[in-house]
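Reader: Please give me a close look at one part of this model: its buried packing. Keep it brisk, and give the cut-offs.

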Amino acid sequence: MNNPEKRRKLLKTCARFFAISAILALIIFSYQKTTVKEAAYFWQIDPELCIACGLCETQCVLPVSAVKAVHAKEVCGFCDLCGGYFRANVKELTTAAENLMCPTGAIQRRFIEEPFFEYTLNEELCTGCGKCVKGCNAFGNGALFLQIKQELCKNCNECQIAKVCPEGAIKRGRKAYFKPY
Amino acid sequence: MVQTQSRFPRPDFESGYVYPEQHFFTPNEALWSYIDIALLVLLMGFVAWAVLKKQIRWPVMLTSVISIAYFGFFRHGCVCSIGAVQNVALGLASDSYTISLFVLLLFILPIIFTLFFGRVFCAGVCPIGALQEVVNIKNYKLSKAVTGILSIFPWIYLGFAVLFAVTNNGFIICRYDPFVGIFRLGGELPLLLFGILLLIVSVFTGRPFCRFICPYGAILSLFARVSFRQVKITKKECINCQLCHNACPVDAIRPPYDNIVKENRSTGVKRILRYIVFLPFMVMAGATVMYMLGDKFGKMNEEFQIWSGITGAFIGLVIGLTLINLSTKRTRKYYEIEDTDCVCCGRCFRYCPQNGLSQRREDAK
């Protein structure tokens, strides 16, 4: 024990043993907390909590937010007076820009048959402001909802939108909200 | 907001309208995550082989370039091992938060590699370290006092990062990452400027981020201290020429030191023991100060204050141990690598005259 070399070696062996057990403990404890389903790891919006406040449009780290409106056609009422397409209190249901809800003109309207119109969302133009989502939920079936487009999402370790979301609707949960219907 | 009210029934179309196929934003395949992990292991193994077995530097540079291109600019530097510290901390502390297996691997694999081979992750696999490595040209040495004081900062940063993570107050490592803006070609201006400033500094002195900021590097340095294999400057005998010391960008090579103050072993032990008795007071002081300051940092609640106190105790412990470490002096006959600080960049190999041309010829034979 009086040999400093040997003493140092012994200490090092003890420390190594300690380090290995620390790593093992860390693995065992944190493995219990890992997600089982890999799909649930992605940032997603819970449509039931989302109030379409519009923060998604500005808070995302991308120049144009990864959040886009989704149109679930299965739920759509194909209304002539669409709350997501027209602003409230429009006089005439024309496609003039001052009547339209979408600030970027991302929603296309097509006549099918009396009195039904088909609406199509252009994701290239959508900025995720959520105005149409609000409108559709206020007056219509709620066929529009906001969701994070996974092809665009950088999957930041901490989502900048999630930090400011007033409803805590953006999360990495165990559940997948991508297909709400 | 309530979803799917049926105020308007689904129309029955007479004109033969067919519902188009619905497109939802389903997630990408986790393929990239698997590639990340595979590349991480591969690159760390490559660096370990190069610096431990072959004692050559070009693989480190190659790894750095690959890492900057892939982890940095292609994957936009997120999620990284440094940030994963917070995920793991929050996952361990909270019942509801789940860690992704991928993030856990990102966190644990470099630690395991460090325990076996030293800080090969820092060498060039970490895109932040790699970025500073490739721009580093000159090695102006900082004074020992400056590096000594600044190298406590990573521990304090680590303490605060864990504090804010476990109390659900956000991930400050990610929030104030100075390099992610560079990898994403845009970001918040102050952070971007800070990142560029760090890069400019790292042209003149090695890796300011790794040495004085990186909290993950602090964790790795602990494991590097006891790693099984450690980097050797040369396989031959050191001739005390000082060239490796001058070449080292992170001041990890300690010069020979003749301990003039010949201290009796028993008095030395007693002296250290006295310091160790003093340590609990440091811990308590840190805990008290941080507990008092607890309500100034974030949400004012009891839980945060307790965590804040624990962080304070940790910081007190780190400062105390650093001071004790400063007071112990070890005699060295040759230039030696301090394994905690060595980032395995491999710069010293080429500077060592013992690894000179004749050595290479011998190796070739």
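Author: What follows starts with the core and then turns to the strands and loops around the same theme.

The model is predicted, so local features need pLDDT of at least 70 and side-chain atom pairs count only at pLDDT 80 or more, while totals for chains, interfaces and linings use all residues. Residues are numbered from 1 along each chain as its sequence is written, chains are lettered from A and ligands numbered from 1 in the order written, and side-chain values use heavy atoms, without hydrogens and water.

Start with chain B. It has 18 helices and two strands. These are DSSP runs numbered from the N terminus: helices are H or I with at least four residues, strands are E with at least two. The C-alpha trace of chain B spans about 100 × 60 × 35 Å along its principal axes. Of its 365 residues, 51% are buried. Buried means under 20% relative accessible area, exposed over 50%, and partly exposed in between, with a 1.4 Å probe and protein chains only. Contact means heavy atoms within 4.5 Å. Among contacts in chain B with a separation of 6 or more, 80% join residues 24 or more positions apart.

Now the core itself. A nonpolar core is a set of buried Ala, Val, Leu, Ile, Met, Phe, Trp, Tyr and Cys residues joined through side-chain atoms within 4.5 Å. The largest one has 86 residues. Val51(B), Ile82(B), Phe107(B), Phe179(B) and Tyr216(B) have the most contacts inside it. Helix H4 of chain B, residues 101-117, gives the largest share, 10 residues. A second, separate core has 47 residues. Its members include Cys50(A), Cys126(A), Cys136(A) and Phe24(B). In soluble globular proteins, nonpolar side chains tend to be buried together.

Take Val51(B) as one case. Neighbours within four places in sequence are left aside. Val51(B) then contacts Ile56(B), Val60(B), Val120(B), Val231(B), Cys344(B) and Phe349(B).

Back to H4(B). Its axis and that of helix H13 of chain B, residues 215-225, come within 8 Å and cross at roughly 35°. Axes are lines fitted to C-alpha atoms, for helices over the stretch in contact, and angles run from 0 to 180 degrees between N-to-C directions. The crossing is right-handed. That term applies if the near helix is turned clockwise from the far one by less than a right angle, and left-handed if anticlockwise. H4(B) brings Leu106(B), Phe107(B), Pro110(B), Ile111(B), Thr114(B) and Leu115(B) to the contact. H13(B) brings Tyr216(B), Ile219(B), Leu220(B), Phe223(B) and Ala224(B). The residues of this contact divide into 10 nonpolar, one polar and no charged. Here Ala, Val, Leu, Ile, Met, Phe, Trp, Tyr, Cys and Pro count as nonpolar, Asp, Glu, Lys and Arg as charged, and the others, Gly among them, as polar.

Helix H6 of chain B, residues 127-135, is also mostly covered, with seven of its nine residues buried. Gln132(B) and Glu133(B) are among them.

Two loop residues of chain B show both extremes. Leu185(B) lies between helices H10 (180-183) and H11 (189-204). Its phi is positive, about 55°, although it is not a glycine. Leu185(B) is exposed, at 72% relative accessible area. Arg207(B) lies between H11 and helix H12 (208-212). Its phi is near 45°, again positive in a residue other than glycine. Arg207(B) is buried, at 1%.

Chain A has covered strands. Five of the five residues of strand E2(A), 67-71, are buried. Val67(A), Ala69(A) and His71(A) are on one side, Lys68(A) and Val70(A) on the other. E2(A) pairs with strand E5(A), 144-148, in the antiparallel sense over five bridges. Pairing requires at least two DSSP bridges between the strands. Val70(A) stands opposite Phe145(A), and the bridge partner of Val67(A) is Ile148(A). Five of the five residues of E5(A) are buried, so the strand is largely enclosed by the rest of the structure.

Finish with Lys68(A), in E2(A). It is buried, at 4% relative accessible area. Beyond four places in sequence, Lys68(A) touches residues including Glu123(A), Cys126(A), Leu152(A) and Phe25(B). The C-alpha atoms of Lys68(A) and Leu152(A) are separated by 10.0 Å, and the two residues are 84 apart along the chain.
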